[in-house]
Amino acid sequence: MKHRKTLCLSAALGVLLAAPVALAQATGAAAGGILDTIIASVFTPTGILTVLGAIVAGVGFIFGKDWLDERRKRRIALAAHHAFNIVEDWSAENPGNTTLSKAARGLQAVDEWMRANGWRPLKPHEQAVVQLSFSAIHGEQKAALKASQARDADALAVAHTITSSGLGGVLPVPSTPRG
């Protein structure tokens, strides 16, 4: 799809630049003076700058869109991260929320943030990316919690093994005061 749009823009730019010359040639031999006038006007400093400006604008439209898309993707990812934390804080205050309402509230928060910062509202595929980001962040937190619990369980097992292995011979037995 991206290449088709690029091809269409390139074709349109070529038609725009070639149209005056083609029009002059199509008028026939009687318009030989018109063709000379058009070619002479194109090869003036102003004409050359106009043609170069059109070429640079065409290249800018083709490649500038990709930069804008990358910037928008970064903004959506940033907004999704912050919205996830905001929704988690909201749900900590009100534990009756379900995961579905968390996702809906998160999408709403991201959409509002994007609009407030001058971006257009989220499209359906961008909403899907935000939902996927939410589930990825949630999964990452659950995996970190599971790993932490496993480390704690291992540490407790080692501590239990050390204390139950009979350190009585190694550690001095406290003496009781006689009295």
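**Figure 1. Five helices make up the overall fold.** Welcome to the whole molecule: the protein has five helices and zero strands. This is a predicted model. Starting at the N terminus, the elements follow the order α-α-α-α-α. Of the protein's 179 residues, 15% count as buried. The close-ups that follow visit a few of these helices in turn.

**Figure 2. Helix H5 and its buried residues.** Helix H5 covers residues 124-164. How many residues does H5 have, and how far does it reach? H5 has 41 residues and spans 59 Å from its first C-alpha to its last, close to the 60 Å expected at 1.5 Å a residue. Look along H5 for its buried residues, which are Glu126, Val130, Phe134 and Ile137. Two of these names, Phe134 and Glu126, will come back in later views.

**Figure 3. Phe84 and Phe134 form an aromatic pair.** The structure holds one aromatic pair. Find the rings of Phe84 and Phe134: their centres are 5.6 Å apart and their planes stand at 90 degrees, so the pair is edge-to-face. Edge-to-face is the right word because planes over 60 degrees apart count that way. The pair links distant parts of the chain, with Phe84 in helix H3 (residues 45-93) and Phe134 in helix H5, 50 residues apart. Are these two rings buried or exposed? Phe84 has 4% relative accessibility, so Phe84 counts as buried. Phe134, at 8% relative accessibility, counts as buried too.

**Figure 4. A salt bridge along helix H3.** The structure holds four salt bridges, and this view shows the one between Glu70 and Lys73. Side chains of opposite charge can pair when their charged atoms come close. Here the closest N and O atoms of Glu70 and Lys73 are 3.5 Å apart. Both residues lie in helix H3, and they are three residues apart, about one turn of the helix. Glu70 has 41% relative accessibility and counts as partly exposed. Lys73, at 51%, counts as exposed, because the exposed class begins over 50%.

**Figure 5. A salt bridge along helix H4.** Now move to helix H4 (residues 99-116), where Asp111 and Arg115 both lie. Their side chains meet in a salt bridge, with 2.4 Å from N to O. Asp111 and Arg115 are four residues apart, about one turn of the helix. Which of the classes, buried or partly exposed, fits each partner? Asp111 counts as buried at 13% relative accessibility, whereas Arg115 is partly exposed with a relative accessible area of 47%.

**Figure 6. Glu126 and its partners.** Glu126 lies in helix H5. With a relative accessible area of 7%, Glu126 is buried. The side chains of Glu126 and Arg120 meet in a salt bridge, 3.1 Å from N to O. Arg120 is partly exposed, with a relative accessible area of 35%. Which residues are joined with Glu126 into one network? Salt bridges that share partners join Arg72, Arg120 and Glu126. Glu126 has another contact to look for: a polar atom of its side chain lies 2.9 Å from the backbone nitrogen of Lys123.

**Figure 7. Ser91 reaches a backbone oxygen.** Here we return to helix H3, where Ser91 lies. Ser91 is buried, with a relative accessible area of 10%. What lies 2.9 Å from a polar atom of the Ser91 side chain? The partner is the backbone oxygen of Glu88.

**Figure 8. A nonpolar patch on the surface.** Our last stop is a nonpolar surface patch of about 690 Å². The residues that make this patch are Ile39, Val42, Phe43, Ile48, Leu49, Leu52, Ile55 and Val59. Helix H2 (32-42) and helix H3 each supply at least two residues of the patch. Which helix gives the largest share of the patch? H3 does, with five residues. Ile48 is a good one to pick out: Ile48 lies in helix H3. At 38% relative accessibility, Ile48 counts as partly exposed.

Technical notes. Residues are numbered from 1 along each chain as its sequence is written. This is a predicted model: local features need pLDDT of at least 70, side-chain atom pairs count only at pLDDT 80 or more; totals for chains, interfaces and linings use all residues. Side-chain values use heavy atoms; hydrogens and water are left out. Rings of Phe, Tyr and Trp (its six-membered ring) pair if their centres lie within 6.5 Å; planes under 30 degrees apart count as stacked, over 60 as edge-to-face and the rest as tilted. Buried means under 20% relative accessible area, exposed over 50%, partly exposed in between (1.4 Å probe, protein chains only). The expected span of a helix is 1.5 Å times one less than its number of residues. A polar contact is a pair of N or O atoms within 3.5 Å; within protein, one must be able to donate a hydrogen and the other to accept it, and residues adjacent in sequence count only if both atoms are side-chain atoms. Patches are made of residues with over 30% relative accessible area and no salt bridge: like charges are joined within 9 Å, nonpolar side chains (Val, Leu, Ile, Met, Phe, Trp, Tyr) within 5 Å. Accessible areas come from the Shrake-Rupley method with a 1.4 Å probe; for residues, only the protein chains shown count as cover.
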